Amino acid sequence: MEPLAALPAVRNDELDWDRFNPGSYRAHNYRILRDDDRQIVTRVRNFMADSGVGPHARGVDIGPGANLYPSLAMLPFCDRLDLIEISAANVRWLRRQGRWWHRFDRRWNPFWAVYTENAVYKDYAAGRKPMVEFGRKAVISQGSVFRLPRAEWDMGTMFFVACSLSTDLNEFHDAVHGFVGSLKPKAPFAAAFMTKSNGYYVAGQWFPAVPIDDVTVKRSLNDVAYDVRIDPIDSSDPLRPDVGMLLATGRAQGT
Ligand SMILES: C[S@@+](CC[C@H](N)C(=O)[O-])C[C@H]1O[C@@H](n2cnc3c(N)ncnc32)[C@H](O)[C@@H]1O
């Protein structure tokens, strides 16, 4: 379904995020491991494995929706993983899913398999059931990227959130700054973005986006981070042919 022709300007708090349908979102986006996600997992995996953080760190994933692969990137390095979501529907869904993680949710197997191609993750996985570990460490709570504590976490991920929560460019920057500002000085982070998106549908419900590019991301991150690297994710089989993807990694400046 294409975005509406005349796009309404929408701020984050004007949206009813409880209308987000996590089951549909997951089925549409993460039913299979696509090439673009494989590229992202590979880069985030190598970055986190080389970060020197852990094994008893605290990690945070902002706006997980129905996607566990960003927080799985932090599993070997953290004792606790905070998943912070604004949508009550997504929080409920994640908690419900959590009851089954101990049996290993096989749908994340292809994603986890890419992680374990790296020796750090492979060694961690030996003799362990990753989703049992994930279920033990994950703490799911309702909250907003605009109301995070400062300098709280040792590492963090935020995938397709800052670009996909309103049509307001100031809110994009506030979300990036809120996320990176919630990390301790030197904490490594990975953030993924859709570029040039005007919005997206989940189960027929339109959600807003702000059409950003690599320059926007760099400008925003340079205020709050260092060692920033931004990689375009090019795929012959993209999720949405009209929009692109970027992956940014770096370290928080801290305050
Ligand atoms: C496009 S989805 C991305 C979901 C997931 N991170 C992924 O990688 O597919 C955007 C997510 O941001 C969440 N979100 C929107 N506004 C937010 C806010 N102010 N704070 C935290 N999460 C928010 C939505 O509920 C939704 O789960």
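**Figure 1. Ala 252, a fully covered spot in strand β9.** In this predicted model, Ala 252 is buried, with a relative accessible area of 0%. The residue belongs to strand β9. Which residues does Ala 252 touch, once those up to four places away in sequence are set aside? One run of partners is Leu 183, Lys 184, Pro 185, Lys 186 and Ala 187, and the others are Val 180, Phe 189, Val 224, Ala 225 and Tyr 226. Asp 154 sits 98 residues from Ala 252 in sequence, yet their C-alpha atoms are 9.6 Å apart in space.

**Figure 2. Thr 249, another buried residue of β9.** Strand β9 covers residues 244-252, and Thr 249 is part of it. With a relative accessibility of 8%, Thr 249 counts as buried, because that value falls under the 20% cut-off. Beyond its neighbours within four places in sequence, Thr 249 contacts Phe 47, then the pair Phe 189 and Ala 190, and then Asp 227, Val 228 and Arg 229. Phe 189 turns up here and also among the partners of Ala 252.

**Figure 3. Lys 186, a positive phi in the loop before β5.** Look for Lys 186 in the loop between α8 (169-181) and β5. Phi of Lys 186 is near 75°, which is positive even though the residue is not glycine. Most residues other than glycine have a negative phi, and most peptide bonds are trans. Is Lys 186 buried or exposed? Lys 186 is exposed, at 57% relative accessible area, and Lys 186 is also one of the residues touched by Ala 252.

**Figure 4. Ala 203, a positive phi between β6 and β7.** The loop holding Ala 203 links β6 (199-202) to β7 (205-208). Here phi is near 50°, again a positive value in a residue other than glycine. Ala 203 counts as exposed, with 53% relative accessibility, because the cut-off for that label is over 50%.

**Figure 5. Tyr 200 in strand β6 and its surroundings.** Tyr 200 lies in strand β6 and counts as buried at 13% relative accessibility. What is Tyr 200 in contact with, leaving aside neighbours within four places in sequence? The aromatic partners include Trp 17, Phe 20, Trp 206 and Phe 207, and the list also has Ser 164, Gln 205, Pro 208 and Arg 240. For a distance check, Tyr 200 and Pro 70 are 130 residues apart in sequence and 20 Å apart in space, C-alpha to C-alpha.

**Figure 6. Val 145 in the loop between β3 and β4.** Val 145 is found in a loop, with β3 (138-142) on one side and β4 (155-159) on the other. Despite the loop setting, Val 145 is buried, with a relative accessible area of 6%. Its contacts, not counting residues up to four places away in sequence, are Ile 62, Met 158, Leu 165, Ala 175, Gly 178 and Phe 179. Met 158 is 13 residues from Val 145 in sequence and 9.6 Å from it in space, C-alpha to C-alpha.

**Figure 7. The cis peptide bond at Gly 54 and Pro 55.** Which residues does the cis peptide bond join? Gly 54 and Pro 55 are the two, with omega at about 10°. Pro 55 falls in the loop between α2 (35-49) and β1 (57-62).

**Figure 8. Phe 134 and the largest nonpolar core.** The largest nonpolar core has 87 residues, and Tyr 69, Phe 134 and Phe 193 touch the most other members. Strand β5 (residues 188-195) gives the most to this core, namely 6 residues. Zooming in on Phe 134, its contacts beyond four places in sequence are Leu 68, Ser 71, Leu 72, Leu 75, Leu 81, Leu 83 and Trp 101.

**Figure 9. Backdrop for the close-ups: the whole protein.** The fold is made of 9 helices and 9 strands. Its radius of gyration is 17 Å, close to the 18 Å that the globule rule gives for 255 residues, so the protein is as compact as a globular protein of that length. The C-alpha atoms fill a box of roughly 55 × 40 × 35 Å along the principal axes. Buried residues account for 56% of the 255. Of the contacts between residues at least 6 apart in sequence, 78% join residues at least 24 apart. The accessible surface is about 11300 Å², with 48% of it belonging to carbon and sulfur atoms. As for charge, there are 32 positive and 30 negative side chains, and the centres of the two sets are 7 Å apart.

Key
Residues are numbered from 1 along each chain as its sequence is written. This is a predicted model: local features need pLDDT of at least 70, side-chain atom pairs count only at pLDDT 80 or more; totals for chains, interfaces and linings use all residues. Side-chain values use heavy atoms; hydrogens and water are left out. Helices (H or I, at least four residues) and strands (E, at least two) are DSSP runs, numbered from the N terminus. The radius of gyration is taken over C-alpha atoms; the globule rule is 2.2 Å times the number of residues to the power 0.38. Buried means under 20% relative accessible area, exposed over 50%, partly exposed in between (1.4 Å probe, protein chains only). Contact means heavy atoms within 4.5 Å. Accessible areas come from the Shrake-Rupley method with a 1.4 Å probe; for residues, only the protein chains shown count as cover. Lys and Arg count as positive and Asp and Glu as negative; His and the chain ends are not counted. The place of a charge is taken as NZ of Lys, CZ of Arg, CG of Asp or CD of Glu. A nonpolar core is a set of buried Ala, Val, Leu, Ile, Met, Phe, Trp, Tyr and Cys residues joined through side-chain atoms within 4.5 Å.
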